[in-house]
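Me: Could you take a close look at a single part of this structure and walk me through it in connected prose?

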Amino acid sequence: MKGKDLLGLRGLPKAEIVEILDTADRFRKVSERRIKKVPTLRGRTVVTLFMENSTRTRLSFDLAAKRLSADTLSFSASSSATKKGETLMDTARNIDAMKPDAIIIRHSAGGSAHMLAAAFPWAVINAGDGINEHPSQALLDMLTMRDHLGSLEGKTVAIVGDVFHSRVARSNIFGLTTMGAKVLVAGPGTMCPPSMAHLGVEVRHTIDDVVEEADVVMMLRIQRERLRPGMMSSVNEYSHFYGLDMDRLRRASPSTLVMHPGPINRGVEMSPEVADGEQSVILEQVTNGVAVRMALLYLLVGGESAGGKSDEA
Amino acid sequence: MTRTTGMNAIEVGRTLDRLATEIIELLGVPTDYSLVGIVTGGHPVSERLADRIEVATGVRPATGTVDITLYRDDLYTGLEKPVLGETRLPFDLTGQDIVLVDDVLFTGRTVRAALDVLHDYGRPRSVKLAVLVDRGHRELPISADFSGRFLVTEKTDRVEVSLSLSEDSGDFVAVHSPSRGVA
């Protein structure tokens with residue numbers, strides 16, 4: 001990776017995405033060992049700064065850092081001084097004073113990771129900024145797809161649900177199109193407006209329209225916290241028109257993968273039989289998440305500081 | 001001091017013959033020892049030694065590889081970040097004798113890192129070290145139990161080893177010196 005940070009997949013070259021996925025592929029082995037830890041980032045400090053709620057992403061980054069022997073510190077919205085009125089920049093300046101090597105940030109405002117990356121010397125990894133991007137999630141999704149499909153080139157990925165408000169969808173759209181995949185999006189007009197086509201995707205409006213063609217169906221969670229009145233008449237109606245159940249999945253090829261970034265609203269975007277079914281790779285996504293985050297920390301934090309000389313043998 | 005030049009394919013073959021013989025003399029038929037090559041240069045050396053041990057004893061020793069990238073002590077020295085190789089140890093290390101194999105023994109730092117990798121996978125009964133070439137300039141108290149050829153080098157020289165996984169007439173060891181060109 002050439003940059004100091006990972007802020008998004010928009011504009012990230014194909015070669016760097018491949019480098020991250022190949023590195024993650026190797027890191028999976030560490031988690032399968034009896035001693036699930038390597039000394040690579042010994043003495044380095046990784047801070048997770050989560051100003052929005054999160055369990056799996058924070059745990060996944062935390063575990064990734066620990067498996068590389070880094071020390072981790074965790075700030076969260078509920079425990080931080082933000083509640084007392086501190087600005088994000090002031091929080092970051094205080095963390096900076098503790099000499100971290102990398103910060104993983106999640107924030108409700110788009111661009112917050114970019115702001116910190118421009119202001120501080122440490123590596124910044126965007127773990128979700130508003131409705132903008134969530135690059136590590138898209139990378140773990142792409143790693144999972146690559147495992148099953150071999151290559152992403154020429155494959156068709158359908159993203160269904162509230163695509164407009166989904167940073168997971170946006171990062172996937174940027175990454176997948178860079179890798180040469182075709183992306184179809186489907187959802188109600190309020191969540192999947194025709195203007196999304198400018199991201200290089202095909203906008204459809206029924207789920208049946210995309211399932212038949214797709215090598216991968218990625219269902220998004222209905223994010224009730226981001227919905228405004230009028231975007232959806234009712235959860236039941238949404239589920240009726242856009243939920244993935246066995247009847248709909250049968251229209252797809254038996255090899256079509258079903259993915260979900262979690263957490264799942266069972267019975268809303270996906271029926272339990274689909275979520276737990278043979279085509280579901282949802283838990284593989286979680287396992288791959290740790291490997292992808294280890295790869296990112298290794299590539300961004302592991303090395304390249306002061307000048308040195310080569311050691312052979 | 002006279003300068004030792006590299007080796008051609010015939011010399012490489014003879015050196016491997018001798019290393020294999022020494023390993024068999026010390027450890028016997030490979031029923032309870034395995035060869036582990038350090039990625040990338042040690043891997044072909046360990047496979048070529050396994051071939052010879054198999055011919056001589058009728059038993060092929062188990063072989064594996066260790067990648068030391070994540071255990072290096074020079075990750076933070078501004079070098080290009082190394083590509084991760086594969087650690088493949090398809091056997092239980094605990095209680096076994098392990099022959100760690102590399103192509104060139106230089107500072108000893110690679111061997112130090114490889115020992116750390118092995119100990120994260122298990123507790124071998126013993127670990128021996130076999131190298132095709134020892135070029136001197138150790139920075140750690142490490143020496144080889146089986147050493148193919150000692151090459152006198154300057155610290156700034158680069159030793160190039162080209163070795164295929166099976167017998168090949170193109171194999172060679174060369175010493176590149178920044179001041180004197182190829183020796």
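Reply: What follows describes one sheet and the helices lying across it.

This is a predicted model, in which local features need pLDDT of at least 70, side-chain atom pairs count only at pLDDT 80 or more, and totals for chains, interfaces and linings use all residues. Residues are numbered from 1 along each chain as its sequence is written, chains are lettered from A and ligands numbered from 1 in the order in which they are written, and side-chain values use heavy atoms, with hydrogens and water left out.

In chain A, 4 strands make up an open sheet with parallel pairing, in the order β2-β1-β3-β4; strands are DSSP runs of E of at least two residues and helices runs of H or I of at least four, numbered from the N terminus, and two strands pair if DSSP finds at least two bridges between them. The edges are formed by β2 (71-76) and β4 (123-129) of chain A, each of which pairs on one side only, and neighbouring strands are turned by 15 degrees against each other on average, direction ignored. Strand β1 (residues 45-50) of chain A pairs with β2(A) in the parallel sense over 6 bridges, and here Leu49(A) stands opposite Phe75(A) in β2(A).

Helix α2 (residues 56-67) of chain A lies across β1, β2, β3 (102-107) and β4 of chain A, running at about 180 degrees to β1(A), while helix α3 (residues 88-96) of chain A lies across β1, β2 and β3 of chain A at about 160 degrees to β1(A). Contact means heavy atoms within 4.5 Å, and angles run from 0 to 180 degrees between N-to-C directions of axes fitted to C-alpha atoms, for helices over the stretch in contact.
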